[in-house]
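I opened my notebook for this one with the structure on screen. Here is what I looked up, in the order I went through it.

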Amino acid sequence: MKVGGRAYRSIWVENEEVHIIDQRWLPHEFRVATLSTLEDFQTAIRDMWVRGAPLIGATAAWGVAQAMMRDASDSHLNEVSEALLETRPTAVNLRWALDEMQTTLKALPESERADSARRKAAAICDEDVEINRMIGEHGLALIKEIAADKGDEPVNVLTHCNAGWIATVDWGTATSPIYQAHDAGIPVHVFVDETRPRNQGAQLTAWELGEHGVSHDLIVDNAGGHLMQHGEVDLVITGTDRTTAAGDVCNKIGTYLKALAAHDNGVPFYVALPSPTIDWTLQDGLSGVPIEERNEREVTHVQGRLPDGSIGDILISPNRTGARNPAFDVTPARLVTGLITERGVSEASAKGLAAMFPDRVCA
Ligand code: MRU
């Protein structure tokens, strides 16, 4: 997608160097960082210079590829994969991408691994872009159906966190149908949940929608239910960090509350789901998905632009108040209207996902 009129992906390679958009500074500053060493890749994922399930996977794939240029032995491949896998626990795309790299590379002699690793990492990125483009096409059909009943009125979509192009390699998952509708001339308006504690909605989703010219309003996380009660939301589309084979959806903390409100108000609640985000080894999301607990400072402080123009954190709670910071929650499949995958819209159930992906389902 475009930033200041120039097309970007969220991760790219130039002169054999891996570049990322360092998301910690958005929307105030657009900074690009170069990742070289294993520690660079670990830090970028753990400290959320890059974030969003698909982009975490793509970055890890490039971390392996860069490491293979230095030492392509089995022991180094294992060591690097383990180190990257530990960086963030919830998004299953990380494990998926590392498994893909390992399977490809272990089948090859060491002398061929460095080149092949780069090709595979690039293919993982290209595949992500194509998957998200297809999710957009299937989601667009849903938006068109609603638009047909609304005349010239915009279709109002509520989204949580950032499941936009900057959380993927391009297009985004939840935003892909929105961008495609906007580009097709269908009026869409997006309610952007701010998404405390790190404010991915306020800082990233609002920024990218604005750059693309999509109409949107930022809302506090607690406003969604009220807007739904008053008929102001036509549908909800969120992303996911891990969806079980039975259709339970793990996503950014607060997603579950939006699903409850949507259910109570008869508002369709869709989840944009690239197939690498499906954990085929899990059925029950509540007991099976590891939920990342992050630093309490993310809750007690808020980042923003300070009056002197610098970017910094301010304390919003009493000095000694402690905090809990579970970063994700699980929305049970029964609250999900449908899963928008690259192959089409699936029922959120074991049967639905197995019918959509008969080639992937575990026996
Ligand atoms: O903690 P984050 O910012 O990595 O969490 C991101 C989300 O929860 C997204 O909604 C999810 O990864 C889907 S991104 C296409």
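**Between the two domains**

I began at the interface: 17 residue pairs are in polar contact across the boundary of domain 1 and domain 2, both residues of each pair being at pLDDT 80 or more. I then asked which elements of domain 1 supply at least two residues each to the side that touches domain 2, and I noted β1 (2-3), α2 (53-70) and α4 (93-106). The largest share of that side comes from α2, with four residues. A reminder to myself: this is a predicted model.

Next I wrote down the bounds, which come from an automatic or database domain assignment. Domain 1 covers 2-127 and domain 2 covers 136-356. Taken over C-alpha atoms, their centres are 24 Å apart.

How many residues are in contact on each side? I found 34 in domain 1 and 36 in domain 2.

For the area, I got about 2,900 Å² buried between domain 1 and domain 2, with 56% of it on carbon and sulfur atoms. His28, Arg51 and Thr90 caught my eye here, as they supply 21% of the area that domain 1 buries against domain 2, more than any other three residues.

I also looked for salt bridges, and the rule finds two across the interface of domain 1 and domain 2. In a separate look-up, I found Asp279 in a salt bridge with Arg95, where the closest N and O atoms are 3.1 Å apart.

**Strand β16 and its partner**

I turned to β16 (residues 328-331) and asked whether its faces are covered or open. Both are covered: Phe328 and Val330 are buried on one side, and Asp329 and Thr331 are buried on the other.

Strand β11 (residues 249-252) runs antiparallel to β16, and four bridges join the two. I picked out one residue to follow across, and the bridge partner of Asn251 in β16 turned out to be Asp329.

**A stop at Gly224**

My last stop was Gly224, which I located in helix α8 (residues 224-229). Is Gly224 buried or exposed? Gly224 counts as buried because its relative accessibility is 0%, and the cut-off for buried is under 20%.

What does Gly224 touch, leaving aside neighbours within four places in sequence? I listed Leu158, Ile219 and Lys258 as its contacts.

I also checked the distance from Gly224 to Cys250, which is 26 residues apart from it along the chain; their C-alpha atoms are separated by 19 Å.

Definitions and conventions:
Residues numbered from 1 in each chain as written. Predicted model: local features only at pLDDT ≥ 70, side-chain atom pairs only at ≥ 80, totals over all residues. Heavy atoms only, no water. Buried < 20%, exposed > 50% of the residue type's maximum accessible area, 1.4 Å probe, protein only. Pairing = 2+ DSSP bridges. Contact = heavy atoms within 4.5 Å. Buried area = accessible area lost by both parts, 1.4 Å probe. Salt bridge = Lys/Arg side-chain N within 4 Å of Asp/Glu carboxyl O. Polar contact = N/O pair within 3.5 Å; in protein donor to acceptor, adjacent residues only side chain to side chain.
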